[in-house]
Amino acid sequence: MNDRLPANFVFPRDFVWGTGTSAYQVEGAWNADGKGESIWDRFSHTPGKVASDENGDVACNQYHRFAEDIELARKLNLNAYRFSIAWPRVQPGGRGAFNEAGMDFYDRKIDALLRAGLEPYITLYHWDLPQELQDIGGWTNREVCKLFADYAAKMVERYGDRVKFWTTFNEPWCTTFLGYAWGIHAPGLKDDKAAAQVAHNLLLAHGLACIAARAAAQQAIELGIVLNLTITEPLHPQNDEDVKKAEAGWRRDCGYYLDPLLRGVYGPGVTDDIAEIEPEDLAIINQPMDYLGINYYMRSVVSNAPIPSPIDGHEYTQMGWEVYAPALRTLLTRIDKDYRDAYLPKIYVTENGAAFEDKLVDGVVDDPRRLNYLATHIEQVGLAIADGVDVQGYFAWSLLDNFEWAEGYARRFGIIYVDFESQERTVKNSGKWLAQVAAANSLQR
Ligand code: GCO
């Protein structure tokens, strides 16, 4: 197995080079033009929840500056932009009336993207549930799954003439565990039983939304979901116990997500914790998908022995996440191997990136560690393609430095630097480099 990509390797024709952002992380305008309150508004306005008590009230003010951001993305030679719709912006209470001003914002944004030659990839849920729906139990309540499907249909009706690619959920694992079990993300609950129900209900909502969106579509659309799967690797690959442990970790993750989505079954033990599950649920969850989005930042290392932290000689990002590019190829090839018989759709790497302490000096942000992170991971995507995995695009996270959830503004993931005082944007050196890669469709070493 080669572990380096030949210098002349060219990515497939029509390969998608994109970046991503999510509504709450960049839009700001948290209560403008009739927008309803979201669970992230409520959470970040509650003292002690977010580092330095920061919030997304203004963020990158993309609500007012989207034209500039789109122009920057265009100049970076990218051909796609992944972003989310803030549900409470378009339907303030999550049910009932829609907000024309909010829907008009996304009309204008989509039109600007298309004019700039950037294919919009819309995510319907990137964590900002209308607060009114949290007040009736949020994702523990099956009624919310049905409301989500109605909202999905409405969005496809409105934008489906121009937007082909639709993602139901971004990282349901994070909503479930960070949001409902560990209290780190909105709504900030620490309730394992609720979390188990949420894990199931999010997949149910995905299935219902796929059905509703397809029925609402006037033109062909493509539907998918974005997952952060944990690729679990043994600390000592020569130790059988470690290898077994890693395998069990991978199987557990598949049992929660890929098995129900792609095969219509949960892995062993998963349903034991779910209080409310109807006989037809798994068939609803198992909708045909056009693509699978994979977010990869780091692997998880397991062992029976104590795991040194940091692992000697390994690099870590500002998030404390290990930099380990080869696991991205391992993850992609493993999904392909395990699910090819289950109608595995094409794959996009929908997020990949790193936070480092960037400094703007004389108008320049030199970020060699991010550049290296992107380069080594893109190389692994190329290797996975050479292995035969159908990867059709790569989206760097993120277009802009933005509100990094519980960490506030102290973690910069952007390929564009944002001065949050002046809102001035500066393309980082990693961004300039990515522009060359996108133009060449190759790493061109
Ligand atoms: C996620 C989210 C992003 C984060 C990124 C870095 O996938 O967790 O999509 O919003 O900012 O992952 O933590």
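## Close-ups of a predicted barrel

**View 1. Helix α14 lies across three strands.** Helix α14 (residues 368-386) sits over β1 (16-20), β9 (346-351) and β10 (391-397), and runs at about 170° to β10. Helices (H or I, at least four residues) and strands (E, at least two) are DSSP runs, numbered from the N terminus. Contact means heavy atoms within 4.5 Å. Axes are lines fitted to C-alpha atoms, for helices over the stretch in contact, with angles from 0 to 180 degrees between N-to-C directions. This is a predicted model, where local features need pLDDT of at least 70, side-chain atom pairs count only at pLDDT 80 or more, and totals for chains, interfaces and linings use all residues. Residues are numbered from 1 along each chain as its sequence is written, and side-chain values use heavy atoms, with hydrogens and water left out.

**View 2. Eight strands close into a barrel.** Go round in the order β1-β2-β3-β4-β5-β7-β9-β10 and the pairing is parallel (two strands pair if DSSP finds at least two bridges between them). Neighbouring strands of this sheet are turned by 25° against each other on average, direction ignored.

**View 3. Here's β5 with its partners, β4 and β7.** Strand β5 (residues 222-227) pairs with β7 (residues 291-295) in the parallel sense over four bridges, and V226 stands opposite G293 in β7. Four bridges also join β4 and β5, again in the parallel sense, with F165 opposite E222 in β5. Both faces of β5 are covered: E222, G224 and V226 on one side, and L223, I225 and L227 on the other, are all buried (under 20% relative accessible area, with exposed over 50% and partly exposed in between; 1.4 Å probe, protein chains only).

**View 4. Helix α9 is mostly covered.** Of its 25 residues, 19 are buried. Helix α9 (residues 192-216) reaches 35 Å from its first C-alpha to its last, close to the 36 Å expected at 1.5 Å a residue (that is, 1.5 Å times one less than its number of residues).

**View 5. W40 and W405 make a tilted ring pair.** Their ring centres are 4.8 Å apart and their planes sit at 55°, so the pair counts as tilted. Rings of Phe, Tyr and Trp (its six-membered ring) pair if their centres lie within 6.5 Å; planes under 30 degrees apart are stacked, over 60 edge-to-face, and the rest tilted. W40 lies in helix α2 (residues 39-44) and W405 in the loop between β10 and β11 (416-419), so the pair ties together parts 365 residues apart in sequence. Both W40 and W405 are buried.
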